[in-house]
Amino acid sequence: MNLEQFIKCKIPVVEIFTSISGEGISAGEVLTFVRVAGCNLRCSYCDTTYSYDESANENEFLTGEEIVKRLVEIGAVKLLCTGGEPLETKKAKRYLPLYLAREGFDVRIETNGSCPVYSKEEIATFTDKEVFPLHYVLDVKCPGSLMHEYNIFEENFSKLRLGDEIKFVVACQEDIDYALAVIDKYKFIFSTNEVIINFSPVFKSIETSDIVTMLVEKNSYFMTEGLSVRLSLQIHKVIWPPEMRGV
Ligand code: SF4
């Protein structure tokens, strides 16, 4: 889909709101969330099931231009494009983050790791700018999600750059072991591309201290391999009730 085709499309939008980023390297920063509807996965621990239905009556169906107008009205600068899954292929919503970056917003995309991140060709159909304010928070699904068979590995990892991050949401020791195996296999790409690696506990499923113990034990290995690995907590679930929306 090119720019001309995109601007005619209506995107199913679940919510647009400004709050703090809850996790990852942007944790604590004020961002405007743009949550689109629909997801190709069904993770066991999903906390945004309300975003699954693309045709839900509660959704707003907005063009890219209408979304930009809304964002300008609320004074948004830094965006977190999330879902659902914002990068599902063969859907107009896939190009919304690209369009918003083109319009001058500083965009981070939270993506579930089962959809390809943008190719150079896709980016070129939207902009000829060389420096582009667009970064990824790329999930790598662990076995506890029941969705790990859908991970795209090298093809996505190799497109990440400084300022991008990957996230392992872990629910148990098996998930930690899986994440460590993925890190070991692709460590060269992560260190070369200076990608931040986050371990995020599934809320109330695993002792956060177990992740800290692992990070301490593995620290010299991470340092030797040039890997930047850290704990990421969902701080919005500490500040507000875990099920609260729009925060
Ligand atoms: S990818 Fe995200 S939105 Fe989709 S089911 Fe998993 S946790 Fe939920």
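A residue is near a molecule or strand if its C-beta atom, placed from the backbone, lies within 6 Å of it. This is a predicted model, in which local features need pLDDT of at least 70, side-chain atom pairs count only at pLDDT 80 or more, and totals for chains, interfaces and linings use all residues. Residues are numbered from 1 along each chain as its sequence is written.

**Stop 1: the ligand.** Select the ligand and the residues around it: Cys39, Leu41, Arg42, Cys43, Cys46, Thr48, Gly83, Gly84, Glu85 and Asn112. This shell divides into four nonpolar, four polar and two charged residues. Here Ala, Val, Leu, Ile, Met, Phe, Trp, Tyr, Cys and Pro count as nonpolar, Asp, Glu, Lys and Arg as charged, and the others, Gly among them, as polar.

**Stop 2: the whole chain.** Show the protein chain as a cartoon, with its nine helices and nine strands. Helices (H or I, at least four residues) and strands (E, at least two) are DSSP runs, numbered from the N terminus. Of the 247 residues, 39% are buried, that is, 20 or more other C-beta atoms lie within 10 Å of the residue's own, with C-beta atoms placed from the backbone.

**Stop 3: the sheet.** Select the nine strands, which form an open sheet of mixed pairing in the order 3-1-2-4-5-6-7-8-9. Two strands pair if DSSP finds at least two bridges between them. Strand 3 (60-62) and strand 9 (228-231) are at the edges with a single partner strand each, so one side of each has no neighbour in the sheet.

**Stop 4: strand 2.** Which strands pair with strand 2? Strand 1 does so in the antiparallel sense, over seven bridges, and strand 4 (residues 78-82) in the parallel sense, over four bridges. Pick Val34 in strand 2 and find Ile16 opposite; then pick Arg35, whose bridge partner in strand 4 is Thr82. Five of the seven residues of strand 2 are buried.

**Stop 5: strands 6 and 7.** Strand 6 (residues 134-140) pairs with strand 7 (residues 165-170) in the parallel sense over four bridges. Select Val137 and its bridge partner in strand 7, Glu165.

**Stop 6: helix 6.** Add helix 6 (residues 173-192), which packs on the sheet and touches strand 6, strand 7 and strand 8 (196-201). Touching rests on contacts, where the C-beta atoms of two residues, placed from the backbone, lie within 7 Å. The direction of helix 6 makes about 165° with that of strand 7. Axes are lines fitted to C-alpha atoms, for helices over the stretch in contact, and angles run from 0 to 180 degrees between N-to-C directions.

Terms used
A residue is buried if 20 or more other C-beta atoms lie within 10 Å of its own, exposed if 12 or fewer, and partly exposed in between; C-beta atoms are placed from the backbone.
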